[in-house]
Every structure is written in C-alpha cells, then in structure tokens.
Amino acid sequence: MSAKSLPVAVAQFTVTEEPERNLEIIDGFARDAAAGGAKLLVLPEGLIARRGDDDSYAAAHAQPLDGPFVDGLRRISAQRHIVLMGTVHVAPEQGTERDADSRVSNTFLVICDGEIIAEYRKLHLYDAFSARESDVVLPGDALPPIVDIDGWKIGVMTCYDVRFPETARSLAVRGADAIVVSAAWVRGPLKEQHWKLLTAARALENTCYVLACSEVSSRNIGCCRIIDPMGEVVAEAGDEGAELIATGLSRECLASARQIMPVLQNRRFADPQLPD
C-alpha cells in the first residue's frame, strides 16, 4: 500500500572544485535531512566538481560509476538511510563502443540503501544562451525512468529537460506522482523567471509534485523549490547560499488535484514519444 505521505528534502549548495569536499557537504545535508525524517534527498546537477563559469570543468573531472565519488554517495545513502538523487559526470568506459568518443555522460543517479537503482543520461543538452554542453557531454537516448520510493512513483529529469514538456508528460502518463529535477540553472536576464515558470508549469500541467534543485553560485541561481500538483510552491529557497528545504508529499493532495483537474484522463492524443 502506498504511503499517505512521503517526507522529502532538497539541498541547495555550491559545488566546489574538490570532490571530497562535495561529499562532505552532501553527507551533512543527508544527516540533517534524515534527522528531520526525510526519505529522499534531492541534490543538484554535476556533483563531482565545478569551477565558476568554466563549463568544461565538471566534464574534465568525470569519474567512472565505480569510482571514488559515486562510492562515496553510495556510502552516504547507506549510512544515513536516505535515497539520494542528483547527477554526476561519468567518464566513458574503456573498451566500449563509447571509448572512441571522448565526451562524458551527464548521468542522473538514484541511490537507495547504498545501491544504484536507476540511471538516466541527460537527453536535452544545454546548447542555448551561447552555451554548448554537447561539446563535452554525450546525450542520452532513452526516456527518464520512474522509481518506487515507499509506494510513491518518482520520475527524474535533468536541468534543460524542464524546457521540454513532453519529457515531463512522458513521466506523468507512465504513472509518476512526482518529478525530481536536478539542475545547475545559469543566471541571466529572465532566467530566474523561466525557472520558476517552467517548474510550476510542469507540476500543474501533469498534476504531480515537482522537486526542483539547482546549484547555487555566482553562476547558478539556486532557487530550489517544491511545488504541489496544483502549481503551488510549498517550500522554496533563495538565490544565495546553502539551504535545506523539506516537506511531506501528500497522497490526499495528489488525489484531490487529479480529481478536480483530470487532465491526464482528458488527454485526446497518444502518449508522447521522443525520437529514436
């Protein structure tokens, strides 16, 4: 039977240049979130390492999935008894078909009880606003997954994915109760407004919760937020500094929204599919 409420938390912080320091920061948030009862902790995009406006720095510090950073995330999940969600840059494995392509994968990980239970390679790369993520990152080719956490179906997306409503809709029609967005949303004219509009829209149009986490720094906006299925913000961080926000996802709120506004039932077109 599905839990009536799922306690969740979202961690807003600045990813540093040192992977070990980032693991220390994540562990501190995991400790505090778990102490508050949270079962799930959402983390930003590109957790291994970042350096200001250097877009290539995170990719240059990519590690394999069995490397020390992901091992550290698995250890934190197991020790703190909390599900971790966020993205890391993963280096191509030697001897594989990808070995000839030097680009890394921006990979969303779901880690439960110390085990990776889902992986998702970012579909939509940030080739916009003069940025060229595709120069260093290889795009994924599969729709994002949905995982079960205490009976709640949680879908995942990464940053720029939120600008593509068919991605979120694909999760909703496959049964997602909530969508987690791990991001490093770049500051700039209207960018904070875009972030707030888009995350609220993805919640409202799919009558699901959205847990949106952006890294905060001189480059990225922060503004982490949790939005309910009617588009209302139930928890929100500012655009400066580290912060932990938390709430409980309510089964009653979800059911009520979908009864009042049955948009998923009223759709008249086939389930959206992204190109092969």
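What covers the buried residues of H5? The views below come to that in turn, and they all come from a predicted model.

**View 1. Helix H5 and its cover.** The answer to the opening question includes helix H4 (165–173), strand E8 (178–183), E9, strand E10 (225–227), H6 and helix H7 (263–266). The residues of H5 that these elements help to cover are Lys191, Trp195, Leu198, Thr199, Ala200, Arg202, Ala203 and Asn206, which are buried. As for length, the 16 residues of H5 should span 22 Å at 1.5 Å a residue, and the end C-alpha atoms are 22 Å apart, so the two agree.

**View 2. Thr207, just after H5.** Look right past the end of H5 and you'll find Thr207, with a positive phi of about 40 degrees. Thr207 isn't a glycine, yet it takes that positive phi. This residue sits in the loop between helix H5 (191–206) and strand E9 (209–214). Is Thr207 buried or exposed? Its relative accessible area is 0%, so Thr207 counts as buried.

**View 3. Helix H3 and its buried face.** Here we move to H3, residues 68–80. This helix has 13 residues and reaches 18 Å from its first C-alpha to its last, close to the 18 Å expected at 1.5 Å a residue. Tucked away in H3 are the buried residues Phe69, Val70, Gly72, Leu73, Ile76 and Ser77. Seen down the axis of H3, these buried residues fall within an arc of 155 degrees, so they line one face of the helix. A bit of background helps here: an α-helix has 3.6 residues a turn, so residues three or four places apart point the same way. Turn to the face of H3 away from the buried side, and there are the exposed residues Pro68 and Gln79.

**View 4. What lies over H3, and what follows it.** The buried residues of H3 are covered by elements including helix H1 (19–35), strand E3 (83–90), strand E4 (105–112) and strand E5 (115–121). After H3 comes His81, with a positive phi near 55 degrees.

**View 5. The largest pocket.** This pocket holds about 340 Å³ of space. It's lined by 23 residues, and the closest to its centre are Arg50, Asp55, Tyr126, Glu133 and Arg219. Which helix gives the most to the lining of the largest pocket? That's helix H2 (residues 55–60), with 4 residues. Sorted by class, the lining has 11 nonpolar, 3 polar and 9 charged residues.

**View 6. Two loop residues, Phe129 and Pro92.** Phe129 is found in the loop between E5 and strand E6 (146–149). Although Phe129 is not a glycine, it has a positive phi of about 50 degrees. Pro92 belongs to another stretch, the loop between E3 and E4. With 21% relative accessibility, Pro92 counts as partly exposed, since buried would mean under 20%. If you look for Ala62, its C-alpha is 8.9 Å from that of Pro92, and the two residues are 30 apart in sequence.

**View 7. Ser256 in helix H6.** Our last stop is Ser256, which lies in helix H6 (residues 251–260). Ser256 is partly exposed, with a relative accessible area of 32%. Arg187 is 69 residues from Ser256 in sequence, and their C-alpha atoms are 35 Å apart in space.

Definitions and conventions:
Residues numbered from 1 in each chain as written. Predicted model: local features only at pLDDT ≥ 70, side-chain atom pairs only at ≥ 80, totals over all residues. Heavy atoms only, no water. 1 Å grid on protein atoms, 1.4 Å probe; cavity = no way out; pocket = protein on both sides within 12 Å on 5 of 7 lines; lining within 4 Å. Points joined across faces, edges and corners; volume = space filled by probe spheres on them. Nonpolar A, V, L, I, M, F, W, Y, C, P; charged D, E, K, R; others polar. Expected span 1.5 Å × (residues − 1). Buried < 20%, exposed > 50% of the residue type's maximum accessible area, 1.4 Å probe, protein only. Arc of directions from axis to C-beta. Contact = heavy atoms within 4.5 Å.
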